Amino acid sequence: MALRSRRLAAVLLALAATACGQATSAPKTSPFPGLTVTGSVLDVRGDVAVAGAHVVIWNEFDTGSANTAADGTFSLTVDGSGSASYLRVTHAGYRPYQATVSVTSTSTSTGARRIVSKDEILFSTVGGDIYMIRAGGGGALIPIAATGDSEVSPARDESGLNLRWADTTSGKVMEAAWDGSGARAVWTAPAGSSIISLAWAPRATFVWTNNGSADAVVMAGEPSGAPSGFNYTWAGIQPDASPAAFGYFGPTPISGNMLAFVKGDGIYTAFPYFTDSFLVPEKISSTITNDYYPAWSPLRASGTLDLAFNRGYAVQATRVSASGHANVWSAATHLYGGAAGQANITDIAWAPETAGADDRLVLVVNPFGAGGAFGAGDLIVLSWDPVARAVTSGPTLLYGASGAGAVGKASNVSWR
């Protein structure tokens with residue numbers, strides 16, 4: 001009898017759990033069902049229509065999606081919400097865009113949403129001005145920061161709609177819209193220190209500073225989600241922050257932005273958002289003294305991630321993987337430069353990944369010496385197969401510093 005009672009109790013409990021699940025899983029009802037939502041997607045450069053962009057709108061009740069037509073417009077059906085809905089735009093040739101929107105019976109148009117092409121490159125000149133140029137042509141140089149101050153090391157967020165750079169004259173980190181409009185200071189160097197360059201990651205800005213006697217990389221401001229007063233400084237120069245990547249320090253797997261920077265005997269990396277044990281820099285084994293200009297690749301769909309750097313005016317690349325709870329770096333591979341018939345290279349930047357295509361890199365031809373195959377301060381672009389680890393096309397001239405309409409020799413470049 002006891003066994004039968006236990007079985008009966010188990011059946012009753014199962015039935016009760018099923019009933020509770022059914023009672024709590026009833027779908028919510030939208031106050032605005034079946035709305036037709038319209039809008040358009042435009043390229044920020046000239047407000048040109050973007051065809052084939054995938055638009056998704058979602059909220060607590062529903063999800064709807066559509067692709068833009070030849071004129072950049074879209075129309076989709078989705079249940080609305082009294083709370084905020086979300087809109088995301090993706091396209092193989094453009095940076096992702098996301099925003100909140102209102103989708104109600106009286107708000108069924110998202111208006112025009114402007115997105116940034118993956119072909120847009122930022123560079124600063126030896127004279128301290130910043131411009132945007134489009135790989136493959138398709139538009140004039142756009143001045144971003146061309147003032148009496150010296151402004152260098154431009155960087156952008158994932159969408160490309162927001163920029164930051166270092167104003168070395170005033171010692172400030174500046175932020176502005178994609179075209180340089182609305183520029184404002186967001187961080188000022190401590191008294192007695194100057195700013196030389198910066199890197200921008202989603203959670204913090206990293207600034208190369210000098211206090212008159214020593215260089216350091218400083219976490220500028222408190223990173224998102226960090227305790228109040230959290231900051232860190234490393235002895236080093238030329239910071240570059242990876243995309244959200246992977247790695248290990250000790251037994252704990254980490255997902256976040258690795259910061260790479262140059263230190264006396266090579267290039268080091270650190271994860272800057274965790275406890276002190278994650279803030280201790282780790283030397284990249286395949287780097288040596290006088291390796292400079294670290295530049296992270298995009299984190300590819302294949303899960304691979306490379307770091308390029310300058311060695312003897314040539315571009316080298318090393319790949320990071322994780323094994324045995326440690327970061328493992330491949331031997332350095334020569335990409336381009338510093339050889340007979342090739343240009344002497346200084347700064348380096350990778351393009352965002354384009355699905356199914358080779359990587360692209362933009363390189364600065366040494367602005368302070370002989371350029372070799374190109375002119376001093378030129379910008380050149382090449383394609384690189386990350387599987388074969390070989391150049392597949394280029395380099396081709398993107399910007400000629402001595403050509404018609406030039407604005408000066410390039411010094412720093414940013415793409416990803």
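**Salt bridges, strands and a cavity**

Mentor: Start with one contact: the side chains of Asp306 and Arg319 form a salt bridge, 2.9 Å from N to O.

Trainee: What kind of model is this, and how are residues numbered?

Mentor: The model is predicted: local features need pLDDT of at least 70, side-chain atom pairs count only at pLDDT 80 or more, and totals for chains, interfaces and linings use all residues. Residues are numbered from 1 along each chain as its sequence is written, and side-chain values use heavy atoms, with hydrogens and water left out.

Trainee: Why is the contact of Asp306 and Arg319 called a salt bridge?

Mentor: The term asks for a side-chain nitrogen of Lys or Arg within 4 Å of a carboxyl oxygen of Asp or Glu. Arg319 and Asp306 meet at 2.9 Å, N to O, so they qualify.

Mentor: This pair links distant parts of the chain. Asp306 is in strand 27 and Arg319 in strand 28 (residues 314-322), 13 residues apart.

Trainee: Are Asp306 and Arg319 buried or exposed?

Mentor: Both are buried. Buried is under 20% relative accessible area, exposed is over 50%, and partly exposed lies in between (1.4 Å probe, protein chains only).

Trainee: Which residues do salt bridges with shared partners join into one network?

Mentor: Arg300, Asp306, Arg319, Asp359 and Arg389.

Trainee: How do you know that Arg300 and Asp359 make a salt bridge?

Mentor: Their side chains meet at 2.7 Å, N to O. Arg300 lies in the loop between strand 26 (291-296) and strand 27 (306-311), and Asp359 lies in strand 32 (residues 359-365), 59 residues apart. Arg300 and Asp359 are buried.

Trainee: How many salt bridges does the structure hold?

Mentor: It holds 13. One of them joins Asp47 and Arg114 at 2.7 Å, N to O. Asp47 is in the loop between strand 1 (32-43) and strand 2 (48-49), while Arg114 is in strand 8 (residues 109-115), 67 residues apart.

Trainee: What relative accessible areas do Asp47 and Arg114 have?

Mentor: Asp47 has 38%, which makes it partly exposed. Arg114 has 36% and is also partly exposed.

Trainee: What makes strand 31 and strand 32 a pair?

Mentor: Strands are DSSP runs of E, at least two residues, numbered from the N terminus. Two of them pair if DSSP finds at least two bridges between them. Strand 31 and strand 32 have 4 bridges, in the antiparallel sense, so they pair. Ile348 stands opposite Leu363 in strand 32.

Trainee: Which sheet holds strand 31 and strand 32?

Mentor: An open sheet of 4 strands in the order 31-32-33-34, with antiparallel pairing. Its edge strands are strand 31 (345-350) and strand 34 (390-399), each paired on one side only. Neighbouring strands are turned by 25° against each other on average, direction ignored. Such angles are taken between lines fitted to C-alpha atoms, and run from 0 to 180 degrees between N-to-C directions.

Trainee: Why are strand 11 and strand 35 said to stand at the edges?

Mentor: They belong to an open antiparallel sheet of 4 strands, ordered 11-10-9-35. Strand 11 (142-145) and strand 35 (410-414) each have a single partner strand, so one side of each has no neighbour in the sheet. Neighbouring strands here are turned by 35° on average, direction ignored. Inside this sheet, strand 9 (residues 120-125) and strand 10 (residues 130-134) run antiparallel, joined by 5 bridges. Phe123 has Tyr131 of strand 10 as its bridge partner.

Trainee: What joins strand 14 to strand 13 and to strand 15?

Mentor: Strand 13 (residues 162-167) pairs with strand 14 (residues 172-177) over 6 antiparallel bridges. Trp165 has Met174 as its bridge partner. That hairpin has 4 residues between the strands, and Gly171 takes a positive phi near 70°. Strand 14 and strand 15 (residues 184-188) run antiparallel, joined by 4 bridges. Glu175 has Arg184 as its bridge partner. Their hairpin has 6 residues between the strands, and Gly180 in the turn has a positive phi of about 90°.

Trainee: What makes a space a cavity, and how many of 30 Å³ or more are there?

Mentor: A cavity is a set of points on a 1 Å grid, over the protein atoms alone, where a 1.4 Å probe fits but cannot get out. The structure holds 1 cavity of 30 Å³ or more. About 50 Å³ of space lies in the largest cavity. That volume is the space filled by probe spheres set on the points, with points joined across faces, edges and corners.

Trainee: Which residues line the largest cavity?

Mentor: Ala351, Pro352, Glu353, Thr354, Ala357, Asp358, Asp359 and Arg360. Lining residues have an atom within 4 Å of a point. They divide into 3 nonpolar, 1 polar and 4 charged. Here Ala and Pro count as nonpolar, Asp, Glu and Arg as charged, and Thr is among the others, so it is polar.

Technical notes:
On a 1 Å grid over the protein atoms alone, a cavity is a set of points where a 1.4 Å probe fits but cannot get out, and a pocket is an open set with protein on both sides within 12 Å along at least five of seven lines; lining residues have an atom within 4 Å of a point.
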